[in-house]
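Visitor: Please take one part of this model and go through it closely. I would like the site around the bound molecule, followed by whatever else can be said about the chains.

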Amino acid sequence: MIQIKPILAAMRHHKAGTVLIALQIALTLAIVCNALFIIQQRTARLSRPSGVEESNLFVIRSDWADKSDPQHTDIQMQADLLALRQLGSVQDASPTNSFPLRGGGWDNFIKLAPDQVKMTTDAAIYFADEHSLATLGTKLIAGRNFTASEIGSQKPRDRLSSAQVIISKDLAQRLFPAGSALGKTIYVSADANKPSTVIGITDTLQAHMQSRRTPDYAYNAVLIPARLLDDGTVYLVRAKPGQLAAAMHDATKALYAQSRMRIIDRKDGVMTFAQVRQRFYKSDLGMAILMGIISVVLLAITAAGIVGLTSFWVGQRRKQIGVRRALGATRGDILNYFLTENLLIGIGGVLAGAVLAIGINLWMVTQFEMARLSLAYVAVGVVALLLLGQGAVLAPALRASHVSPVEATRSV
Amino acid sequence: MLKMTHLSKVYRTEVVETYALRDFNIDVKEGEFVAVTGPSGSGKTTFLTIAGLLETFSGGEYHLDGIEVSNLNDNARSKIRNEKIGFIFQAFNLIPDLNVFDNIEVPLRYRGMKAAERKQRIMDSLERVGLASRAKHYPAELSGGQQQRVAIARALAGSPRLLLADEPTGNLDTQMARSVLELLEDIHREGATIVMVTHDPELAARAQRNVHIIDGQVVDLSEDPRFHVVHAEHTGTNA
Ligand SMILES: Nc1ncnc2c1ncn2[C@@H]1O[C@H](COP(=O)(O)OP(=O)(O)O)[C@@H](O)[C@H]1O
Ligand SMILES: [Mg+2]
């Protein structure tokens with residue numbers, strides 16, 4: 001039998017404890033809702049596709065010891081690539097400056113007309129050759145690949161000047177929402193005299209960072225048919241299936257055999273793509289784990305608080321429980337009393353907590369570009385905290401229900 | 001109404017066994033007003049807690065209103081306490097967090113009574129004990145005598161057939177004790193069975209019958225001439 005009115009009446013005499021627990025529930029709800037939301041957002045990122053066939057792929061970063069002659073660098077790069085592709089454990093290899101999940105790199109504004117003042121969007125710039133798509137395992141969905149003769153070379157300070165480009169399908173969609181991007185002219189370079197023709201469109205291909213200036217940046221990529229003659233270079237290498245370890249070993253050896261005038265970092269000079277992915281999402285995963293720990297700790301503290309305070313109340317009210325039993329309360333009535341009391345405090349707490357949860361989120365929306373908290377999280381949090389409260393109160397409430405009616409006659 | 005035969009109650013601790021009641025026999029008829037007297041520690045409270053189903057006993061038999069109670073489960077015992085028995089304690093035992101009205105309502109709510117009927121009964125019983133104007137007061141705001149009258153109102157509100165009182169005047173001064181006793185006598189006249197523990201001989205004398213407990217056993221004092229004298233005097237003055 002539910003007896004809300006007298007419970008509320010009695011609660012006014014335990015204001016301090018009641019308010020304390022309600023506040024604790026409110027704060028826990030507010031923080032846990034937002035933490036779960038952050039966890040969901042971060043883990044959702046982890047499962048986004050890179051557009052790259054990640055198994056059997058690895059990355060070598062080679063820095064040149066002698067950076068004085070770009071011409072020599074170009075020759076060296078071509079020799080390196082030839083050597084890599086000849087290895088028995090290697091399926092294909094290509095040069096680049098950057099790749100999906102790298103964590104940063106060269107981005108450019110993309111425009112549709114040379115005199116356009118504002119960019120249409122921005123995109124990751126990936127230097128590539130005719131082997132790049134095969135090496136990445138990324139498919140063309142329209143148009144054609146680069147040919148060997150189209151591959152040029154350029155120095156980092158030069159403006160991009162590429163007559164042909166291949167772009168990712170998301171970028172194509174963004175630039176030409178109405179029709180196909182194939183054969184269209186775009187401006188990748190700031191130089192008004194250097195238009196580029198889109199000769200191919202790849203399937204999904206992720207940019208090297210999560211987001212940039214524009215919200216749709218994440219899957220915008222442009223492949224430039226050139227070797228970038230920088231202080232160092234990146235080689236993407238696809239091992240033959242099951243020969244990843246062997247290929248990584250062979251490739252390093254082959255590169256040093258080509259020239260010892262280079263530095264391949266022992267620690268992260270050679271990385272499997274799995275390692276690249278792990279490094280890229282480390283902070284997301286870390287944040288998700290941290291939020292998870294905070295949530296669990298807060299929930300545990302709240303549960304402990306409820307157990308503690310209710311146990312105290314049961315001890316304090318032994319006599320009155322005995323009196324109630326003497327007056328005809330069953331064990332169930334007493335159990336019910338404490339469960340209902342907790343539910344009422346819980347409802348007060350979650351109402352305040354829900355408001356606080358939304359408030360915290362709105363503040364984060366303005367401060368940290370957070371997304372709006374879905375009300376489903378608040379609803380789940382409310383139910384979870386009410387259940388937690390009922391669970392926590394159960395043991396002390398059961399103890400209360402076993403107070404003997406004879407307690408009523410014991411002198412205080 | 002209340003019949004115990006060869007009843008015993010043992011309190012066991014790791015070291016000792018205390019027989020609070022042994023070979024205890026009593027038969028309280030419907031409508032009787034019985035006063036229970038006896039030295040401290042003789043087992044009066046123990047008798048009352050067993051009579052009121054607050055506690056189980058160790059041996060013997062107890063019939064309450066014709067029912068052998070030892071086979072009843074906890075819920076059935078709660079129901080009997082709630083519907084048939086009214087308790088009055090020495091320490092009043094009002095719930096300090098609830099006002100007078102809510103205190104009296106406690107047993108009625110456990111009975112699942114409708115709000116309108118609860119209110120009616122509460123106001124009637126408060127009227128009865130002369131505290132109708134104090135319904136919104138908290139126990140701490142009342143004198144001892146007033147608190148005990150609220151406790152009596154709480155016991156009365158459920159119209160119990162049996163009223164059990166453990167030294168109801170023990171914490172009150174003589175004046176207040178008299179008024180509480182008069183209230184009990186009224187209630188008795190309306191048909192309730194009353195068993196009252198007291199060690200005030202003057203109050204005991206006003207009951208219809210006295211039961212004396214020594215060392216956990218009922219001692220028959222009807223043979224004792226002194227008792228007859230006291231008893232006669234009081235029935236005389238009262239009549
Ligand atoms: N819970 C208990 N545990 C052990 N002994 C008890 C308990 N309650 C009462 N007793 C003992 O039983 C005897 C009778 O006690 P009680 O019925 O309270 O006497 P009275 O009310 O006549 O003073 C006493 O010796 C008392 O110490
Ligand atoms: Mg006693």
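Guide: A polar contact here is a pair of N or O atoms within 3.5 Å. The model is predicted, and the distances below are computed from it. By that cut-off, B:Gly43 makes a polar contact with ligand 1, since a backbone N or O atom of B:Gly43 lies 3.0 Å from an oxygen atom of the ligand. B:Gly41 also uses a backbone N or O atom, placed 2.6 Å from an oxygen atom of ligand 1. With B:Thr45 the side chain takes part: one of its N or O atoms is 2.7 Å from a ligand oxygen.

The residues around ligand 1 include B:Pro39, B:Ser40, B:Ser42, B:Lys44 and B:Thr46, along with B:Tyr11 and B:Ala20. Chain A contributes A:Arg410. Because residues from chains A and B surround ligand 1, the site is shared between chains.

The two chains also meet through helices. Helix 1 of chain A (residues 4-11) and helix 3 of chain B (residues 100-110) have axes that come within 11 Å and cross at roughly 145 degrees; the crossing is left-handed. On the chain A side the contact involves A:Lys5, A:Pro6 and A:Ala9, which meet B:Asp102, B:Glu105 and B:Arg109. Of these residues, four are charged, two are nonpolar and none is polar.

Elsewhere in chain A, helix 9 (residues 318-326) has eight of its nine residues buried, so it is largely enclosed by the rest of the structure. Among the buried residues are A:Lys319, A:Arg324 and A:Arg325. Just after helix 9, A:Gly328 has a positive phi of about 115 degrees.

Definitions and conventions. Residues are numbered from 1 along each chain as its sequence is written. Chains are lettered from A and ligands numbered from 1 in the order in which they are written. This is a predicted model: local features need pLDDT of at least 70, side-chain atom pairs count only at pLDDT 80 or more; totals for chains, interfaces and linings use all residues. Side-chain values use heavy atoms; hydrogens and water are left out. Axes are lines fitted to C-alpha atoms, for helices over the stretch in contact, and angles run from 0 to 180 degrees between N-to-C directions. Helices (H or I, at least four residues) and strands (E, at least two) are DSSP runs, numbered from the N terminus. A crossing is left-handed if the near helix is turned anticlockwise from the far one by less than a right angle, and right-handed if clockwise. Contact means heavy atoms within 4.5 Å. Ala, Val, Leu, Ile, Met, Phe, Trp, Tyr, Cys and Pro count as nonpolar, Asp, Glu, Lys and Arg as charged, and the others, Gly among them, as polar. Buried means under 20% relative accessible area, exposed over 50%, partly exposed in between (1.4 Å probe, protein chains only). A residue is near a molecule or strand if one of its heavy atoms lies within 4 Å of it. A polar contact is a pair of N or O atoms within 3.5 Å; within protein, one must be able to donate a hydrogen and the other to accept it, and residues adjacent in sequence count only if both atoms are side-chain atoms.
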